[in-house]
Amino acid sequence: MNVRPDIGWTYLIALTEITTMTLVTKPLDSSGGILVHRHSDEELLELPVETIKDLMKSAGVVMFRGFDVGPDAMKQFANQYSYKFNRDRLRPTVEGSGGHVQMVTEGTGYVDPHCEQANSPFRPDAIWFSCTKPAAEGGETLYWDGVRLWEELGTELQDLFRDKKLRFFQCYSKDKWQLFLGHDATVEDIRKTLDNLEGVSYFLNADEALYLEYVCPAVVRTRYGNVEAFANSLMSEWTNTLGDLMTFDDGTPISKEIVSQVKAALDRCTETVDWKPGDLVFIDNSRFLHGRNGFTDPSRKIFSSLSFLNF
Ligand SMILES: [Fe+2]
């Protein structure tokens with residue numbers, strides 16, 4: 001690896017079996033994220049896989065700019081680093097993607113910080129975003145390093161969240177859980193999927209709606225480095241489900257005061273993806289939370305994939 005700090009960019013030289021590839025990177029943010037910038041005529045799928053894996057392990061967020069990435073290229077690229085993909089229960093899938101790429105179409109408002117599907121036992125290792133058309137104004141993807149956030153919370157909140165687990169409630173109508181499990185999935189498939197999963201209790205209503213309770217820790221260990229990270233879906237679920245009726249697993253309330261202290265810590269470490277057309281972002285979902293600024297431009301086009309990593 002050769003480093004060229006003298007010109008403000010870092011050049012990582014990786015030798016693969018068939019090519020010598022120069023990777024041009026620079027810091028993406030103040031949290032250690034990395035921007036890989038296309039600098040000649042190299043193609044996204046030719047980038048050195050092992051070097052990208054190393055970048056991901058240390059940075060947790062890697063953005064690729066200048067490679068003109070659309071949903072199909074994102075799927076092929078993500079395939080190089082993944083052994084399995086999760087469906088998204090809310091978003092429509094992109095035709096021809098095998099259910100591996102979704103269009104981010106829901107709403108235009110601010111989206112609270114969350115880890116993807118961390119309110120369920122199916123949390124993927126990574127979330128991928130690509131953008132073919134940024135909003136004219138706003139609509140930036142936001143992200144937060146859960147390791148830094150955990151430090152920002154301070155010892156009192158750390159003790160609280162080490163001591164008590166989060167408890168999420170969700171209700172999925174049949175058409176929603178079939179988005180996740182497949183269009184011909186039955187209630188028996190649901191039972192097979194959910195039975196004996198740690199932290200899960202559920203009830204299937206007569207109309208085949210699923211009521212799910214999921215209990216999980218607020219502080220988790222990162223996939224790379226095995227360090228504590230406040231990487232969960234507390235804030236989005238607090239906003240979108242029970243608000244100040246939300247409780248920890250022992251029934252004690254998660255009060256407005258607790259949530260406002262978490263929000264203050266989040267505000268101290270917010271990072272922003274200021275999208276350009278063709279950008280791709282790869283996020284470690286075991287460590288980073290993400291969200292979104294609101295927007296009004298209906299032509300904004302963002303795609304996402306959820307995957308389990310092969311490294
Ligand atoms: Fe999300």
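These exercises work through a predicted model, from its metal site to its cores, loops and empty spaces.

Local features need pLDDT of at least 70 and side-chain atom pairs count only at pLDDT 80 or more, while totals for chains, interfaces and linings use all residues. Residues are numbered from 1 along each chain as its sequence is written, and side-chain values use heavy atoms, with hydrogens and water left out.

**Exercise 1. Describe the coordination of the iron ion and place its histidine donors in the chain.**

Step 1. Collect the donors, meaning N, O and S atoms within 2.8 Å of the metal (3.2 Å for Na, K and Ca); water is not among the atoms, so sites may look incomplete. The iron ion is coordinated by His-114 through NE2, Glu-116 through OE and His-290 through NE2. The distances run from 2.0 to 2.2 Å.

Step 2. Write the spacing. Along the chain it reads H-x1-E-x173-H.

Step 3. Assign secondary structure. Helices (H or I, at least four residues) and strands (E, at least two) are DSSP runs, numbered from the N terminus. His-114 sits in strand 7 (residues 111-114) and His-290 in strand 17 (residues 288-292). They are 176 residues apart, and the pair links distant parts of the chain.

Step 4. Check burial. Buried means under 20% relative accessible area, exposed over 50%, partly exposed in between (1.4 Å probe, protein chains only). Both His-114 and His-290 are buried.

**Exercise 2. Locate the largest nonpolar core and find which domains give residues to it.**

Step 1. Build the core: a set of buried Ala, Val, Leu, Ile, Met, Phe, Trp, Tyr and Cys residues joined through side-chain atoms within 4.5 Å. The largest has 44 residues. Those touching the most other members are Leu-153, Phe-161, Leu-166, Phe-230, Leu-234, Ile-254 and Val-262.

Step 2. Find the main contributor. Helix 3 (residues 146-163) gives the largest share, 6 residues.

Step 3. Bring in the domains, whose bounds come from an automatic or database domain assignment. Domain 1 (5-145 + 269-309) and domain 2 (166-216) both give residues to this core, so it lies between them.

Step 4. Look for another core. Apart from this one lies a core of 28 residues, among them Leu-44, Phe-64, Val-101 and Phe-303.

Step 5. Zoom in on one member. Contact means heavy atoms within 4.5 Å. Not counting residues up to four places away in sequence, Leu-166 touches several residues, including Phe-161, Tyr-214, Leu-234 and Ile-254.

**Exercise 3. Compile the surroundings of Asp-88 and Ser-304.**

Step 1. Place both residues. Asp-88 lies in the loop between strand 5 (82-86) and strand 6 (102-103). Ser-304 is in strand 18 (residues 301-309).

Step 2. Read their accessibility. Asp-88 is buried, at a relative accessible area of 4%. Ser-304 counts as buried too, at 0%.

Step 3. Take the separation. The two are 216 residues apart in sequence and 9.1 Å apart in space, C-alpha to C-alpha.

Step 4. List contacts, leaving aside neighbours within four places in sequence. Asp-88 touches Gln-102, Glu-116, Gln-117, Leu-179 and Leu-306. The partners of Ser-304 include Arg-91, His-100, Gln-102 and Trp-128. Recall that Glu-116 is a donor to the iron ion.

**Exercise 4. Examine the positive phi values of Asn-196 and Asn-226.**

Step 1. Recall the background. Most residues other than glycine have a negative phi.

Step 2. Read the angles. Phi is about 70° at Asn-196 and near 55° at Asn-226.

Step 3. Place the residues. Asn-196 is in the loop between helix 5 (187-194) and strand 11 (200-204). Asn-226 is in the loop between strand 13 (220-221) and strand 14 (228-229).

Step 4. Check the accessibility of Asn-196. At 83%, Asn-196 counts as exposed.

**Exercise 5. Characterise the largest cavity and the second largest pocket.**

Step 1. Set the terms. On a 1 Å grid over the protein atoms alone, a cavity is a set of points where a 1.4 Å probe fits but cannot get out, and a pocket is an open set with protein on both sides within 12 Å along at least five of seven lines; lining residues have an atom within 4 Å of a point. Grid points are joined across faces, edges and corners, and a volume is the space filled by probe spheres set on the points.

Step 2. Take the cavity. The whole structure has 1 cavity of 30 Å³ or more. The volume of the largest cavity is about 150 Å³. Its lining has 14 residues, with Phe-122, Tyr-172, Phe-180, Leu-210 and Leu-212 closest to the centre. Helix 4 gives the largest share of this lining, 4 residues.

Step 3. Take the pocket. The second largest pocket holds about 440 Å³. Of its 23 lining residues, Arg-123, Tyr-214, Cys-216, Pro-217 and Val-220 lie nearest its centre. Strand 12 supplies the largest share, 3 residues.
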